[in-house]
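Reader: Hey, I've got a protein model open and I'm not sure where to begin. Can you walk me through it?

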Amino acid sequence: MTMSETNADILARYAAVQGRPEEMAMLCSLLRERGLFPDALALGEAAVAAAPDSLAVDMCVRSALAQGVQSFHRSMLLDGKRNRAYARAIEAVVKPGMTVLEIGCGAGLLAMIAARAGARVVTCETKPVIAAAATEIIRRNGLSDRIRVVAKYSTNLTIPDDLERPADLVIHEIFGAQLFDEGVTRSLSDARARLLKPGAPSVPGRACVRVALVRDNRERDCRNLKDVEGFDLSAFELLQEPERWIRRGQLHKVEMCSDPVSALCMDYDRSPPFGPASETVSLTSTGGRIDAVMQWISIQFGPDESYENAPLPPDPESSWGVSFRRLPSPIETVAGERVDVTLRHRGMLLTLDVAKPHVG
């Protein structure tokens, strides 16, 4: 879809199914399969609007358009604390006429904030259906003349084909709850080498991992596979995924057993690699049984602007989860003992290792 083409223009091509929502929904699914993403989006939206109470139409359209779209997008867009932090940071640094590169368009919110502040924005999105939705959202908000959506990875963008010249600023939100798991280091390293002016600032400029020792007071399933109908199935235990996350509704049953500590602090305003690849931090136990290490992130937009999805007290609006790394066996500690946690990242993988408690 070109910036000037509207949903009405697209729908005119499918006049034969107008007024028949179920056929429109099925055609939406077919168009999605054929890679005609703007057409699929326009037809799907029209089908749902024509039959707002039809479960069949709604499910057909959503099943087609939601393929490959992670469920976190909606909660992220409704994360008011995150949105306000980004908006204040972007508005503080954007100057009229500035060229901005955004990595990771999503629905187009951050690009529109930058354009509203006076920038010209090139934003990239790897999933074509999301890029099509963002293009339509930007058009409806009257910012098509200031924002260009490119359906590519940022590492495939080129100058002058996608950007007329190196950007004055980069905006990004390409880290998950484990900071590195959406490829932020690789993408920003490439952008600094090819797509940005020397010294171009980044929003956000800094981020780090936060960790703390915790005691799990939830009831656990203590059953094992040693005796199932008289058979020993214990060799199957290691085929089970380890627990990695804790639901926010269960956080009140987890007890923090140390103050949180920051690690792997990244400075995206400097040249890569931005920060250490590994770091060992010491956590001082309050005493008693330690069951796990809990991990979350902190994002620094500037000296007076930050965002942290701290687990306690839980923030119901937060779009980032809290990682829960259960120890192979609980460890008993005395108040004041220190537990060393080593964190390493390679690519998009963050690993943690925990040493035995020690004094001093």
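Author: Sure, let's go from the overall picture to a strand, some salt bridges and a surface patch. Keep in mind that this is a predicted model.

Reader: Okay, basics then. How many helices and strands does the protein have?
Author: There are nine helices and 15 strands. The C-alpha atoms fit in a box of roughly 70 × 60 × 30 Å along the principal axes.

Reader: And what share of the 360 residues is buried?
Author: 47% of them count as buried. The accessible surface of the protein is about 18200 Å², and carbon and sulfur atoms make up 54% of that.

Reader: What about contacts, how far apart in the chain are the partners?
Author: Take the contacts with a separation of 6 or more: 74% of those are between residues 24 or more positions apart.

Reader: Cool. Let's look at a strand. Is β1 mostly covered or open?
Author: Covered. β1 runs over residues 99–103, and five of its five residues are buried.

Reader: Which residues sit on which side of β1?
Author: T99, L101 and I103 are on one side, while V100 and E102 are on the other, and both faces are covered. As background, side chains in a regular strand alternate between the two faces of the sheet.

Reader: Which strands does β1 pair with?
Author: One partner is β2, residues 120–124, which pairs with β1 in the parallel sense over five bridges. There, T99 stands opposite R120. Another partner is β4, residues 169–172, again parallel, over four bridges. In that pairing, L101 has V170 as its bridge partner.

Reader: Back to β2 for a sec. How does the chain get there from β1?
Author: β1 and β2 are the parallel pair with five bridges. The chain goes from β1 through helix α7, residues 109–116, to β2, and this β-α-β crossover is right-handed.

Reader: New topic: how many salt bridges are there in the whole structure?
Author: A search finds 24. One of them is between the side chains of R218 and D216, with N to O at 2.9 Å.

Reader: Are R218 and D216 buried or exposed?
Author: R218 has 14% relative accessibility, so it counts as buried. D216 is buried too, with a relative accessible area of 6%.

Reader: Do you have one with residues further out?
Author: Try R165 and E164, whose side chains meet in a salt bridge at 3.8 Å, N to O. R165 is partly exposed at 39% relative accessible area, and E164 is exposed at 68%.

Reader: What does D269 form a salt bridge with?
Author: With R206, where the closest N and O atoms are 3.8 Å apart. D269 lies in the loop between β9 and β10 and R206 is in strand β6, so the pair ties together parts that are 63 residues apart in sequence.

Reader: And how exposed are D269 and R206?
Author: D269 is partly exposed, with a relative accessible area of 32%. R206 is also partly exposed, at 40% relative accessibility.

Reader: Last one. Which residues form the nonpolar patch on the surface?
Author: V228, F231, L233, F236, L238 and L239 form that patch, with about 660 Å² of accessible area together. If you want to find V228, look in the loop between β6 (206–216) and β7 (245–246). V228 is partly exposed, at 30% relative accessible area.

Reader: Great, I'll go and click through those!

Notes:
Residues are numbered from 1 along each chain as its sequence is written. This is a predicted model: local features need pLDDT of at least 70, side-chain atom pairs count only at pLDDT 80 or more; totals for chains, interfaces and linings use all residues. Side-chain values use heavy atoms; hydrogens and water are left out. Patches are made of residues with over 30% relative accessible area and no salt bridge: like charges are joined within 9 Å, nonpolar side chains (Val, Leu, Ile, Met, Phe, Trp, Tyr) within 5 Å. Accessible areas come from the Shrake-Rupley method with a 1.4 Å probe; for residues, only the protein chains shown count as cover. A salt bridge is a side-chain nitrogen of Lys or Arg within 4 Å of a carboxyl oxygen of Asp or Glu. Helices (H or I, at least four residues) and strands (E, at least two) are DSSP runs, numbered from the N terminus. Buried means under 20% relative accessible area, exposed over 50%, partly exposed in between (1.4 Å probe, protein chains only). Two strands pair if DSSP finds at least two bridges between them. A crossover is right-handed if, with the strands pointing away from the viewer, the path from the first strand over the helix to the second runs clockwise. Contact means heavy atoms within 4.5 Å.
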